[in-house]
Structures are given as C-alpha cells and as structure tokens.
Amino acid sequence: MENTVIKFENVSKVFSFQNQKTFKEFLPALIKGEKTTNGFTALDKLNFEIKKGEVVGIIGPNGSGKSTILKLIAGVMWPNSGKVHVHGKVSPLIELGAGMHPELTGRENIYLNGAILGLKRKEIEKNLEAIIDFSEIREFIDQPVKHYSSGMYMRLAFSIAIHVHPEILLVDEILAVGDSDFQAKCFKKMEDYKKDNNITIVFVSHNMLQIESFCKRVIYLNHHQVVSDNIPKISINKYKIDNLKTIK
Amino acid sequence: MLPLFKEIKDVIKWHELLWQMVGREVKTRYKQSILGYFWVILNPLAQMIVMSFAFSIILRIPTNAAGNIPYSIFLFVALLPWNLFSNSLSSATASLVGSSSLITKVYFPRTILVLSTILAKIVDFLFASIILIIYMIIYQVPININILWIIPIFIIQQIFTIGLSLFFAAANLLYRDIQYLLTLILLLWMYITPVIYPADLVPEKYRIVFQLNPMAVIVNAYRQTILGGGAPNYSSLLIACLLSIFVLLLGLSYFKSREKIFADNI
C-alpha cells in the first residue's frame, strides 16, 4: 500500500447537463415534471492502482474519460461515487499556459505560473535560469508574452511546468504541439524523469508510437471502463482491434 | 468555525500564490493605458465631484456635521469605503468564472481567486484614499485618537465583504444570472446605506433596517470617527461585527459545498 501513489476505487463520474437552455423552457418542464438534467457517464466504477515510479499510458477513443481521470488525479474534479486516493505532489502538464497572463512579461509569468503550480518563491528563483535556458527565449524574457509567437509561448509554459519537480506528473497530449526540436528536448527531459524512481508519470495520448516507446504499462479505456491494463503491446493491440471494428 | 480555520490554514500555505495573483491584478489592470494606475484616483475623484454637485448644490442634502465640513468631504469619507465594498463584491463575483482555465486544470484553494481580487481592490482603495487625506489637510478637518477606530471598522467591512463575495462567486459560477442581479442589488443597496445622506436624516421607525445593514453601520462609523472625532456606536458596531462573521461562515460553507462541482460546471 505504501508504494501505491494513485488508487481508484469504484470511481464513477457523471456529468449532468441542463436539458432546457432557457428559463422559458425550464419553467414549464419543471412544472410538468419532465427531466431537467441529462446525465453523461464519463467513468463507470473504475478500479486501478498506480505504484510509485510507474510510467502509465492511458489510451482510448475520444470521450472515453481519459482527461477526466487526469482531472480526478489532479484534484480539480471529484468523483460522484467511489474514492480517489492520491499521495504526493501532483504537477499537471495539461494544456499549458492556463495561468499565463498576456500583459505580463515572460519573467513575471514564470513567477506567477510557478506559484500556481505550488512552488515557493525561493524554488522559483533557484530554477529561474534553468527555466529560461530550457525555453530558449532568453532575449524576449522581459517582453510581455502577448508579443510572443505561439511557439515561444508554449516553450515558456512547458519549461515552467517541467521544472516543478513533481512527484506525480500528468501529461495530456501536450507534446503534440511545438516544433520537432523542442518536442525532442521535452521528451529527453521526460526520459530523465522516467529514470527517477520517485516520479510517477501518467501519460495521455492518441499517438500510439509515443505511448508504446514511452510507457511501461498502458490502460486502455472504452465505454467508461478499463478494457485492458497491461504491457503497452497488448493494450494497444486491443485498442487497434476495437478501432477497426468501429470503422467497419 | 472549524472550516474557517481550515481554510485560513490552507490560504496561508498558499500565500505565495495569493500575492502573485494580487500582483497580477494590480500590475495588469491599467496596462496599455496612458494614465495607468492614476485611473484609480481619477475615477472616484470625478465621481465625487459630480455627486457633490448634484447632491449639495442641486438637492442640498445637509451634512448635519458640526463645523464647516464641505459636503464633498462628507460624501467622500463614505463613498470610498462604499466603492471598495461594491467593487470588491462585483469583481470577486466574476473572479471564478474569469479563471475558468485555471479551475479546470490546476488544484489550489479556490478561495484564493476570491481573496486576491478583494486584496487588489484594497490596494486601489488605499491609493484613492490619498485624495481624501490631502483634502482633509486642506480643509483642516480636526482628527483625534478616535480615528484609530477605522482599523477595526475596516476589518469588519472586509469580513462582511469576503463572506458575501464567497457566496456570490460560487453562485455566479453555477448561475450566471447572479452577476446581473448583483448590479441591481448594489444599486439599491447604496440608497439604503447612508453614503450620500447623513444617517440621522432617516426617520426613527426605519432605523432598525439600518442596524441590520452592516454596510450602513460601517459607513456611518467611518464618518463618526473620521469627521466627527467621536467613538462609533458600540452596540451597532457589535451587531455589524457578529452579522459579518455569520455571513462569512455562511458564505464559506456555501462555497465549500459547491467547490467540488466547480470544474464540472464552469
């Protein structure tokens, strides 16, 4: 148990939507006793455990609940039933740049984003040079980020996130963006993290090549449940077979 | 009380983020404007001039204050804290919705978003207060030791503001009607608070409404201690204080009960 950093116990997540968009529609429906909300099940009684130092990929078709799992681990969402146990500092690499403010300079954004990711000022100062170096945008670091190109923006955001020294790293599709050189550099950094047995990585991607080469274990989700939880080859194969069926 | 202490502990743990967020608010507000932060002073100043003209020259509202205090100072002493309250509440109400990208991605205590907005408004308030101080020096408004009362009065005001803000911010995330409703509430609220008129103009039978309106008590107390040089009405202030704490506990408990579905509904 002490080695388990993430544990999902019978976790279900249902999103509810309002059926009636306007008050004019809502009120009659309420009086007539019609259903006012519609549930959409994202996860249905999910069970799995991830141990310290594991590198786990999560695959599945769109809407199968991959990102929801990451959000539950990150603690931004709560399950409707069941329990999510997470031990350790979680650092999300989900859609970078959420905390960036366009009017602030690159340097100011490093401090702001660092704080959002839970870093102390001293830790940010210690890593400031490394972050700027990694981003390769030193000459623009004191410019407002609104003048950055989208590539520069992404580089800065990733550099901050990767220097958080996480215990649990959540990666969601982010490596699909950016030029190939920088992508390679990011992967190299992630490889370093992989070697560290204290860091657990949960990786979501549609890129099967990335998943297969990077992860040691792959969870394949479909119809809101775990279909396969195995070594990459087996899970990816099952995914591909299911995929072919749906195409036919 | 317990959830309040837990929340305070959480916010202290994340204090670096709180200050960064306040800094972000203050630094970015007037970027790309020529007058920049000077707007923080210019706005209430213009407001005061126009209102003074309307209410003292056209409507001739008496200030009921001893001595020769001009209406503009009389108004400004109340207008500044009222503006602080009103601006804090409306910005804080929009604060969660405005940070939707953060709420769906990163974990940190959500109360920080509300608190940082209010703190940034306090910074504005302190700058705007400079005019009041200059004004009071020019008109040689006498002050005495009772002016120190503004510190506890200010704290009570903030407790009340935070409590209401937590409630409105969480409610607005779920139902966006709240922000429009709030604009209406604040407009009406200002008229049942003695901002533009002195509290003693209110007929005796309506006084109870004022007693139960913490903002009325607070605004009146500022005036009594800064301009009148007297102590505030202790029993009214105590009621306002207890009410504010009650509102804070209620606001926080609503906020915490909704917090789990913020990311689902934003």
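The following questions and answers concern a predicted model of chains A and B. Residues are numbered from 1 along each chain as its sequence is written, and chains are lettered from A in the order in which they are written. Local features need pLDDT of at least 70, side-chain atom pairs count only at pLDDT 80 or more, and totals for chains, interfaces and linings use all residues.

Student: Which helix gives the largest share of the largest nonpolar core?
Tutor: A nonpolar core joins buried Ala, Val, Leu, Ile, Met, Phe, Trp, Tyr and Cys residues through C-beta atoms within 7 Å. Buried means 20 or more other C-beta atoms within 10 Å of the residue's own, with C-beta atoms placed from the backbone. The largest core has 132 residues, and Val77(B) is among those with the most contacts inside it. Its largest share, 15 residues, comes from residues 71-98 of chain B, helix H4.

Student: Which helix gives the most to the side of chain B that touches chain A?
Tutor: Contact requires C-beta atoms, placed from the backbone, within 7 Å; 24 residues of chain A and 18 of chain B take part. Helices are DSSP runs (H or I, at least four residues), numbered from the N terminus. H2 (15-29), H5 (100-103) and H12 (262-265) of chain B each supply at least two residues to that side. The most, six residues, come from H2(B).

Student: How far apart are the end C-alpha atoms of helix H11 of chain B?
Tutor: The expected span is 1.5 Å times one less than the number of residues. Helix H11 (residues 234-259) of chain B has 26 residues and should therefore span 38 Å; this agrees with the end C-alpha separation, 37 Å.

How values were computed. A residue is buried if 20 or more other C-beta atoms lie within 10 Å of its own, exposed if 12 or fewer, and partly exposed in between; C-beta atoms are placed from the backbone. Two residues are in contact if their C-beta atoms, placed from the backbone, lie within 7 Å.
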